[in-house]
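Thanks for coming, everyone. I have one structure to walk through today. Let's put it on the screen.

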Amino acid sequence: MTDTNKTDPAVTLPAQATDSPEPLLKVTGLTKHFPITKGLLRRQAGAVKAVDGLDFDVRRGETLGIVGESGCGKSTMGRLITRLLEPTGGTIEFEGKDITHLGVAGMRPLRRDVQMIFQDPYGSLNPRHTVGTIVSAPFKLQNVNPEGGLKAEVQRLLSLVGLNPEHYNRYPHEFSGGQRQRIGIARALALKPKLVVADEPVSALDVSIQAQVVNLLDDLQEELGLTYVIIAHDLSVIRHVSDRIAVMYLGKIVELADNKSLYGEPMHPYTAALMSAVPVPDPRRRGAKSGRILLKGDVPSPISPPSGCRFHTRCWKATQICATQEPPLLALKTGHQVACHHPENAPDQAPGDKPLPGAADAVTTATE
Ligand SMILES: Nc1ncnc2c1ncn2[C@@H]1O[C@H](COP(=O)(O)OP(=O)(O)OP(=O)(O)O)[C@@H](O)[C@H]1O
(Lines give C-alpha, C1' and ligand atoms only; values in the text may rest on other atoms or scores of the structure.)
Protein backbone atom coordinates (compact mmCIF):
# COMPACT_ATOMS: atom_id res chain seq x y z
CA MET A 1 0.00 0.00 0.00
CA THR A 2 1.18 3.47 -0.68
CA ASP A 3 1.50 6.07 2.01
CA THR A 4 0.11 9.52 1.43
CA ASN A 5 0.78 12.56 3.54
CA LYS A 6 -2.24 14.49 2.41
CA THR A 7 -4.44 15.93 5.10
CA ASP A 8 -8.02 16.84 4.33
CA PRO A 9 -8.17 20.64 4.25
CA ALA A 10 -11.90 20.56 5.03
CA VAL A 11 -11.28 19.03 8.43
CA THR A 12 -10.07 21.40 11.14
CA LEU A 13 -10.14 21.57 14.89
CA PRO A 14 -9.94 24.86 16.82
CA ALA A 15 -6.36 26.01 17.38
CA GLN A 16 -5.26 26.32 21.00
CA ALA A 17 -3.94 29.53 22.54
CA THR A 18 -0.25 30.07 21.90
CA ASP A 19 0.25 33.53 23.39
CA SER A 20 0.21 32.74 27.11
CA PRO A 21 3.52 33.43 28.84
CA GLU A 22 2.99 30.57 31.31
CA PRO A 23 4.68 27.40 30.05
CA LEU A 24 2.36 24.51 29.29
CA LEU A 25 4.65 22.15 31.19
CA LYS A 26 7.26 22.95 33.81
CA VAL A 27 9.63 20.30 35.10
CA THR A 28 11.86 20.91 38.13
CA GLY A 29 14.48 18.51 39.51
CA LEU A 30 12.75 15.54 37.84
CA THR A 31 14.29 12.24 38.94
CA LYS A 32 13.61 8.57 38.30
CA HIS A 33 15.76 5.92 39.96
CA PHE A 34 14.79 2.32 39.22
CA PRO A 35 15.71 0.19 42.25
CA ILE A 36 17.92 -2.85 41.76
CA THR A 37 16.96 -5.55 44.24
CA LYS A 38 18.91 -8.58 45.40
CA GLY A 39 18.19 -11.88 47.14
CA LEU A 40 15.02 -13.49 48.38
CA LEU A 41 14.06 -10.50 50.48
CA ARG A 42 14.49 -8.25 47.44
CA ARG A 43 16.76 -5.93 49.37
CA GLN A 44 17.62 -2.80 47.40
CA ALA A 45 21.21 -3.10 46.25
CA GLY A 46 21.40 0.03 44.12
CA ALA A 47 19.49 2.02 41.54
CA VAL A 48 19.54 2.78 37.84
CA LYS A 49 19.66 6.58 37.78
CA ALA A 50 17.73 6.80 34.52
CA VAL A 51 16.68 10.44 34.97
CA ASP A 52 18.63 12.43 37.51
CA GLY A 53 17.45 16.00 38.05
CA LEU A 54 15.94 17.58 34.93
CA ASP A 55 14.81 21.22 34.75
CA PHE A 56 12.99 22.46 31.66
CA ASP A 57 9.82 24.14 30.38
CA VAL A 58 7.68 23.35 27.37
CA ARG A 59 6.09 26.47 25.88
CA ARG A 60 2.67 26.47 24.30
CA GLY A 61 2.75 25.78 20.57
CA GLU A 62 6.44 24.83 20.42
CA THR A 63 8.24 21.60 19.62
CA LEU A 64 10.87 20.68 22.17
CA GLY A 65 13.22 18.03 20.80
CA ILE A 66 15.00 15.66 23.20
CA VAL A 67 18.11 14.01 21.82
CA GLY A 68 20.82 11.75 23.18
CA GLU A 69 22.36 8.30 22.83
CA SER A 70 20.49 5.11 23.68
CA GLY A 71 20.03 4.68 27.43
CA CYS A 72 20.45 8.36 28.39
CA GLY A 73 16.92 8.47 29.86
CA LYS A 74 14.88 10.02 27.03
CA SER A 75 12.02 7.50 27.10
CA THR A 76 11.93 7.49 30.90
CA MET A 77 11.62 11.29 30.79
CA GLY A 78 8.75 10.99 28.26
CA ARG A 79 6.93 8.47 30.44
CA LEU A 80 7.42 10.64 33.51
CA ILE A 81 5.96 13.80 31.97
CA THR A 82 2.96 11.87 30.64
CA ARG A 83 2.65 10.33 34.13
CA LEU A 84 2.94 6.77 32.86
CA LEU A 85 5.73 6.40 35.41
CA GLU A 86 5.83 7.67 38.98
CA PRO A 87 8.80 10.04 39.56
CA THR A 88 11.27 9.40 42.38
CA GLY A 89 11.72 13.13 42.93
CA GLY A 90 11.11 16.61 41.52
CA THR A 91 7.92 18.25 40.30
CA ILE A 92 5.86 18.34 37.11
CA GLU A 93 3.46 21.23 36.59
CA PHE A 94 0.93 21.24 33.77
CA GLU A 95 -0.78 24.59 33.10
CA GLY A 96 0.47 25.77 36.49
CA LYS A 97 -0.97 22.78 38.37
CA ASP A 98 1.28 20.35 40.25
CA ILE A 99 0.54 16.92 38.73
CA THR A 100 3.63 15.12 40.08
CA HIS A 101 1.79 12.65 42.29
CA LEU A 102 -1.80 12.79 41.08
CA GLY A 103 -3.66 9.50 41.52
CA VAL A 104 -5.75 7.72 38.88
CA ALA A 105 -8.85 9.86 39.52
CA GLY A 106 -6.88 13.11 39.56
CA MET A 107 -5.15 12.15 36.33
CA ARG A 108 -8.37 11.36 34.47
CA PRO A 109 -8.97 14.84 33.02
CA LEU A 110 -5.26 15.14 32.26
CA ARG A 111 -5.31 11.96 30.18
CA ARG A 112 -7.29 13.95 27.59
CA ASP A 113 -4.80 16.81 27.53
CA VAL A 114 -1.56 14.84 27.41
CA GLN A 115 -1.08 12.07 24.85
CA MET A 116 1.80 9.91 23.79
CA ILE A 117 2.82 8.52 20.39
CA PHE A 118 5.06 5.46 20.61
CA GLN A 119 7.98 4.25 18.52
CA ASP A 120 6.59 0.94 17.35
CA PRO A 121 3.44 1.59 15.33
CA TYR A 122 2.64 -2.13 15.23
CA GLY A 123 3.31 -3.05 18.85
CA SER A 124 1.22 -0.15 20.12
CA LEU A 125 -1.90 -1.15 18.12
CA ASN A 126 -3.97 -4.17 19.14
CA PRO A 127 -3.82 -6.51 16.08
CA ARG A 128 -7.29 -7.94 16.89
CA HIS A 129 -9.01 -4.56 16.82
CA THR A 130 -10.13 -2.68 13.74
CA VAL A 131 -8.82 0.79 13.08
CA GLY A 132 -12.27 2.11 13.97
CA THR A 133 -12.15 0.43 17.39
CA ILE A 134 -8.59 1.61 18.02
CA VAL A 135 -9.27 5.27 17.24
CA SER A 136 -12.64 5.15 19.10
CA ALA A 137 -11.02 3.84 22.30
CA PRO A 138 -10.07 7.24 23.81
CA PHE A 139 -13.68 8.47 23.42
CA LYS A 140 -15.03 5.37 25.18
CA LEU A 141 -12.42 5.54 27.96
CA GLN A 142 -13.26 9.17 28.66
CA ASN A 143 -17.04 8.81 28.09
CA VAL A 144 -16.99 11.40 25.34
CA ASN A 145 -19.80 11.40 22.78
CA PRO A 146 -18.62 13.47 19.83
CA GLU A 147 -21.12 15.67 18.07
CA GLY A 148 -22.26 13.94 14.88
CA GLY A 149 -21.57 10.47 16.28
CA LEU A 150 -18.49 8.42 17.08
CA LYS A 151 -18.05 6.76 13.68
CA ALA A 152 -18.20 10.08 11.81
CA GLU A 153 -15.65 11.59 14.23
CA VAL A 154 -13.26 8.65 13.86
CA GLN A 155 -13.55 8.84 10.07
CA ARG A 156 -12.87 12.58 10.26
CA LEU A 157 -9.72 11.85 12.29
CA LEU A 158 -8.61 9.23 9.77
CA SER A 159 -8.85 11.76 6.95
CA LEU A 160 -7.10 14.34 9.11
CA VAL A 161 -4.02 12.07 9.28
CA GLY A 162 -4.19 11.24 5.58
CA LEU A 163 -5.88 7.82 5.80
CA ASN A 164 -8.89 6.68 3.84
CA PRO A 165 -11.95 6.91 6.14
CA GLU A 166 -13.42 3.96 4.23
CA HIS A 167 -10.74 1.78 5.88
CA TYR A 168 -12.50 2.09 9.23
CA ASN A 169 -13.11 -1.69 9.41
CA ARG A 170 -9.62 -2.79 8.45
CA TYR A 171 -7.06 -4.31 10.81
CA PRO A 172 -3.55 -2.94 11.57
CA HIS A 173 -1.80 -5.67 9.54
CA GLU A 174 -3.56 -4.40 6.41
CA PHE A 175 -1.63 -1.13 6.61
CA SER A 176 1.99 -0.19 5.91
CA GLY A 177 4.32 0.93 8.73
CA GLY A 178 3.82 4.59 7.94
CA GLN A 179 0.05 4.18 7.81
CA ARG A 180 0.08 2.35 11.14
CA GLN A 181 1.95 5.28 12.67
CA ARG A 182 -0.77 7.55 11.24
CA ILE A 183 -3.37 5.40 13.07
CA GLY A 184 -1.38 5.93 16.31
CA ILE A 185 -1.33 9.68 15.60
CA ALA A 186 -5.11 9.73 14.95
CA ARG A 187 -5.67 7.92 18.25
CA ALA A 188 -3.39 10.37 20.10
CA LEU A 189 -5.20 13.39 18.61
CA ALA A 190 -8.73 12.01 19.14
CA LEU A 191 -9.46 14.04 22.27
CA LYS A 192 -7.74 17.24 21.08
CA PRO A 193 -4.80 17.06 23.50
CA LYS A 194 -2.78 20.11 24.49
CA LEU A 195 0.54 18.25 24.72
CA VAL A 196 1.72 15.36 22.56
CA VAL A 197 4.83 13.45 23.60
CA ALA A 198 6.21 11.41 20.69
CA ASP A 199 8.88 8.84 21.60
CA GLU A 200 10.97 8.01 18.52
CA PRO A 201 7.90 8.47 16.27
CA VAL A 202 9.69 7.64 13.03
CA SER A 203 12.70 5.52 13.94
CA ALA A 204 10.90 2.22 13.21
CA LEU A 205 9.88 3.40 9.73
CA ASP A 206 11.64 3.16 6.38
CA VAL A 207 13.70 6.27 5.70
CA SER A 208 11.50 7.04 2.69
CA ILE A 209 8.41 7.13 4.92
CA GLN A 210 10.01 9.02 7.82
CA ALA A 211 9.79 12.41 6.08
CA GLN A 212 6.08 11.89 5.36
CA VAL A 213 5.26 11.20 9.00
CA VAL A 214 7.47 14.09 10.18
CA ASN A 215 5.69 16.41 7.74
CA LEU A 216 2.31 15.14 8.92
CA LEU A 217 3.25 15.96 12.53
CA ASP A 218 4.34 19.42 11.36
CA ASP A 219 1.09 20.04 9.46
CA LEU A 220 -1.07 18.86 12.35
CA GLN A 221 0.81 21.09 14.77
CA GLU A 222 0.07 24.13 12.66
CA GLU A 223 -3.52 23.13 12.02
CA LEU A 224 -4.41 22.17 15.59
CA GLY A 225 -2.06 24.45 17.57
CA LEU A 226 -0.41 21.43 19.23
CA THR A 227 2.59 21.46 21.56
CA TYR A 228 5.07 18.65 21.04
CA VAL A 229 7.87 17.01 22.95
CA ILE A 230 9.64 14.85 20.37
CA ILE A 231 12.18 12.30 21.54
CA ALA A 232 14.68 10.96 19.01
CA HIS A 233 18.25 9.77 18.79
CA ASP A 234 18.43 10.98 15.19
CA LEU A 235 19.83 14.49 15.07
CA SER A 236 18.55 15.22 11.58
CA VAL A 237 14.94 14.39 12.58
CA ILE A 238 15.30 16.55 15.71
CA ARG A 239 16.76 19.42 13.70
CA HIS A 240 13.91 19.28 11.22
CA VAL A 241 11.07 19.31 13.77
CA SER A 242 12.28 21.22 16.83
CA ASP A 243 12.05 24.86 17.88
CA ARG A 244 14.23 24.17 20.92
CA ILE A 245 16.37 21.15 21.70
CA ALA A 246 17.54 19.51 24.93
CA VAL A 247 20.60 17.25 24.71
CA MET A 248 20.67 14.49 27.33
CA TYR A 249 23.63 12.48 28.62
CA LEU A 250 23.33 9.84 31.36
CA GLY A 251 20.10 11.12 32.90
CA LYS A 252 20.95 14.83 32.72
CA ILE A 253 20.30 17.71 30.32
CA VAL A 254 23.74 18.94 29.27
CA GLU A 255 22.57 21.60 26.82
CA LEU A 256 19.26 23.31 26.02
CA ALA A 257 18.95 25.90 23.28
CA ASP A 258 16.93 27.04 20.32
CA ASN A 259 17.47 25.09 17.14
CA LYS A 260 19.61 27.68 15.32
CA SER A 261 21.87 28.38 18.28
CA LEU A 262 22.38 24.69 19.10
CA TYR A 263 23.26 23.65 15.56
CA GLY A 264 25.14 26.85 14.74
CA GLU A 265 27.19 27.17 17.93
CA PRO A 266 26.97 24.07 20.11
CA MET A 267 28.53 24.71 23.52
CA HIS A 268 28.76 21.31 25.18
CA PRO A 269 31.62 19.14 23.90
CA TYR A 270 29.18 16.20 23.88
CA THR A 271 26.79 18.08 21.59
CA ALA A 272 29.70 19.08 19.36
CA ALA A 273 30.77 15.43 19.14
CA LEU A 274 27.22 14.23 18.39
CA MET A 275 26.88 16.79 15.63
CA SER A 276 30.21 16.18 14.05
CA ALA A 277 29.29 12.49 13.76
CA VAL A 278 26.27 13.29 11.56
CA PRO A 279 27.03 12.48 7.94
CA VAL A 280 27.10 15.50 5.64
CA PRO A 281 24.40 15.05 3.00
CA ASP A 282 25.69 17.81 0.70
CA PRO A 283 27.94 16.11 -1.89
CA ARG A 284 29.92 19.34 -2.42
CA ARG A 285 30.90 19.29 1.25
CA ARG A 286 31.59 15.57 1.45
CA GLY A 287 35.12 15.93 0.25
CA ALA A 288 35.85 18.80 2.64
CA LYS A 289 37.89 18.16 5.76
CA SER A 290 35.12 18.24 8.31
CA GLY A 291 37.21 17.09 11.30
CA ARG A 292 34.71 14.64 12.77
CA ILE A 293 35.09 14.07 16.51
CA LEU A 294 34.78 10.37 17.31
CA LEU A 295 34.12 9.62 20.96
CA LYS A 296 35.90 6.55 22.29
CA GLY A 297 34.42 4.01 24.67
CA ASP A 298 30.86 3.40 25.74
CA VAL A 299 28.48 5.49 27.79
CA PRO A 300 29.20 4.64 31.46
CA SER A 301 26.56 2.78 33.49
CA PRO A 302 23.71 4.85 34.94
CA ILE A 303 23.98 2.66 38.07
CA SER A 304 27.19 4.42 39.11
CA PRO A 305 27.62 7.46 36.87
CA PRO A 306 30.97 9.29 36.93
CA SER A 307 31.49 11.96 39.61
CA GLY A 308 31.40 15.67 38.74
CA CYS A 309 30.49 16.15 35.10
CA ARG A 310 29.14 12.80 33.90
CA PHE A 311 30.75 13.33 30.52
CA HIS A 312 34.27 13.91 31.90
CA THR A 313 35.41 10.31 31.32
CA ARG A 314 34.87 10.75 27.56
CA CYS A 315 35.70 14.43 27.19
CA TRP A 316 38.88 15.70 25.54
CA LYS A 317 38.61 19.00 27.45
CA ALA A 318 38.25 17.51 30.94
CA THR A 319 40.20 19.09 33.80
CA GLN A 320 40.38 18.45 37.56
CA ILE A 321 37.20 20.39 38.32
CA CYS A 322 35.22 18.27 35.85
CA ALA A 323 35.93 15.13 37.89
CA THR A 324 34.80 16.67 41.17
CA GLN A 325 32.20 19.40 40.59
CA GLU A 326 29.01 18.90 38.68
CA PRO A 327 28.59 21.87 36.33
CA PRO A 328 25.17 23.56 36.71
CA LEU A 329 22.97 24.13 33.64
CA LEU A 330 23.59 27.86 33.07
CA ALA A 331 22.36 30.32 30.44
CA LEU A 332 25.66 31.50 28.96
CA LYS A 333 23.79 33.22 26.11
CA THR A 334 20.18 34.32 25.84
CA GLY A 335 18.10 31.19 25.41
CA HIS A 336 21.14 28.91 25.41
CA GLN A 337 21.88 26.87 28.52
CA VAL A 338 24.83 24.55 28.98
CA ALA A 339 26.25 22.47 31.83
CA CYS A 340 30.01 22.58 31.18
CA HIS A 341 33.12 24.01 32.84
CA HIS A 342 34.87 24.38 29.47
CA PRO A 343 32.17 25.13 26.87
CA GLU A 344 32.79 25.59 23.17
CA ASN A 345 31.75 28.93 21.62
CA ALA A 346 31.57 30.58 25.10
CA PRO A 347 33.98 31.81 27.80
CA ASP A 348 35.77 29.08 29.77
CA GLN A 349 34.12 28.71 33.18
CA ALA A 350 37.25 27.33 34.86
CA PRO A 351 40.25 28.77 33.00
CA GLY A 352 43.66 27.58 34.04
CA ASP A 353 42.41 24.34 35.60
CA LYS A 354 44.78 21.38 35.11
CA PRO A 355 43.83 18.93 32.34
CA LEU A 356 43.06 15.40 33.51
CA PRO A 357 45.71 12.86 32.50
CA GLY A 358 44.71 11.16 29.27
CA ALA A 359 41.85 13.58 28.51
CA ALA A 360 43.33 14.50 25.15
CA ASP A 361 43.13 10.82 24.15
CA ALA A 362 39.37 10.63 24.84
CA VAL A 363 38.58 11.22 21.18
CA THR A 364 40.00 10.66 17.78
CA THR A 365 39.33 13.04 14.96
CA ALA A 366 38.66 11.89 11.46
CA THR A 367 38.69 13.84 8.27
CA GLU A 368 36.62 12.74 5.31
N1 LIG B 1 11.75 -0.32 34.16
C2 LIG B 1 13.07 -0.18 34.25
N3 LIG B 1 13.76 -0.82 35.22
C4 LIG B 1 15.10 -0.67 35.33
N5 LIG B 1 15.85 0.09 34.52
C6 LIG B 1 15.21 0.74 33.54
C7 LIG B 1 13.80 0.65 33.34
N8 LIG B 1 13.46 1.43 32.26
C9 LIG B 1 14.61 1.97 31.80
N10 LIG B 1 15.65 1.56 32.55
C11 LIG B 1 17.06 1.95 32.39
O12 LIG B 1 17.12 3.36 32.47
C13 LIG B 1 18.10 3.86 31.57
C14 LIG B 1 17.43 4.87 30.64
O15 LIG B 1 16.55 4.18 29.77
P16 LIG B 1 15.65 4.90 28.69
O17 LIG B 1 14.87 3.85 27.97
O18 LIG B 1 14.88 5.99 29.35
O19 LIG B 1 16.74 5.56 27.74
P20 LIG B 1 16.59 6.08 26.24
O21 LIG B 1 17.49 7.26 26.14
O22 LIG B 1 15.15 6.28 25.91
O23 LIG B 1 17.19 4.89 25.42
P24 LIG B 1 16.59 4.14 24.14
O25 LIG B 1 16.67 5.13 23.02
O26 LIG B 1 17.51 2.97 23.96
O27 LIG B 1 15.18 3.75 24.53
C28 LIG B 1 18.69 2.66 30.84
O29 LIG B 1 19.88 2.30 31.50
C30 LIG B 1 17.62 1.60 31.02
O31 LIG B 1 18.21 0.32 31.02
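I'll start with one residue, Leu-157, which sits in helix 4. Keep in mind that this is a predicted model.

Is Leu-157 buried or exposed? Leu-157 has 25 C-beta neighbours inside 10 Å, and the cut-off for burial is 20 or more, so Leu-157 counts as buried.

What does Leu-157 touch, once we leave aside its neighbours within four places in sequence? The contacts are Val-135, Ala-186, Leu-189 and Ala-190. For a long-range reference, take Asp-57, which lies 100 residues away from Leu-157 along the chain. The C-alpha atoms of those two residues are separated by 29 Å.

Now widen the view to the helix itself. Helix 4 covers residues 150-160. Leu-157 has buried company there: Val-154, Gln-155, Leu-158 and Leu-160. A reminder on geometry: an α-helix has 3.6 residues a turn, so residues three or four places apart point the same way.

What covers the buried residues of helix 4? The cover includes helix 3, residues 131-141, and helix 5. After helix 4 comes Gly-162, and its phi is positive, near 85°.

On to helix 5 and its partner. Two packed helices are described by the angle between their axes and the distance between the axes. Helix 5 spans residues 177-189, and helix 6 spans residues 207-224. Their axes come within 10 Å and cross at roughly 20°. An angle under 35 degrees counts as roughly parallel, so helix 5 is roughly parallel to helix 6. The crossing is right-handed.

Which residues meet there? From helix 5 we have Gly-177, Gly-178, Gln-181, Arg-182, Ile-185 and Leu-189. From helix 6 we have Ile-209, Gln-212, Val-213, Leu-216, Leu-220 and Leu-224. By class, the contact of helix 5 with helix 6 has seven nonpolar, four polar and one charged residues. Note that Leu-189 appears in this contact, and Leu-189 is also in contact with Leu-157.

Last topic, the ligand. There are 13 residues around the ligand. Phe-34, Ala-50, Ser-70, Ser-75 and Thr-76 come nearest. Two elements give two or more residues to this shell: strand 2, residues 43-58, and helix 1, residues 74-81. Which one gives the largest share? That is helix 1, with three residues. By class, the shell around the ligand divides into five nonpolar, seven polar and one charged.

That's my tour. Over to you.

Terms used: Residues numbered from 1 in each chain as written. Predicted model: local features only at pLDDT ≥ 70, side-chain atom pairs only at ≥ 80, totals over all residues. Axes fitted to C-alpha atoms, helices over the stretch in contact; angles between N-to-C directions. Helix = DSSP H or I, 4+ residues; strand = E, 2+ residues; numbered from the N terminus. Parallel < 35°, antiparallel > 145°, perpendicular 65-115°, else oblique. Left-handed = near helix turned anticlockwise from the far one by under 90°. Contact = placed C-beta atoms within 7 Å. Nonpolar A, V, L, I, M, F, W, Y, C, P; charged D, E, K, R; others polar. Near = placed C-beta within 6 Å. Buried ≥ 20, exposed ≤ 12 C-beta atoms within 10 Å, placed from the backbone.
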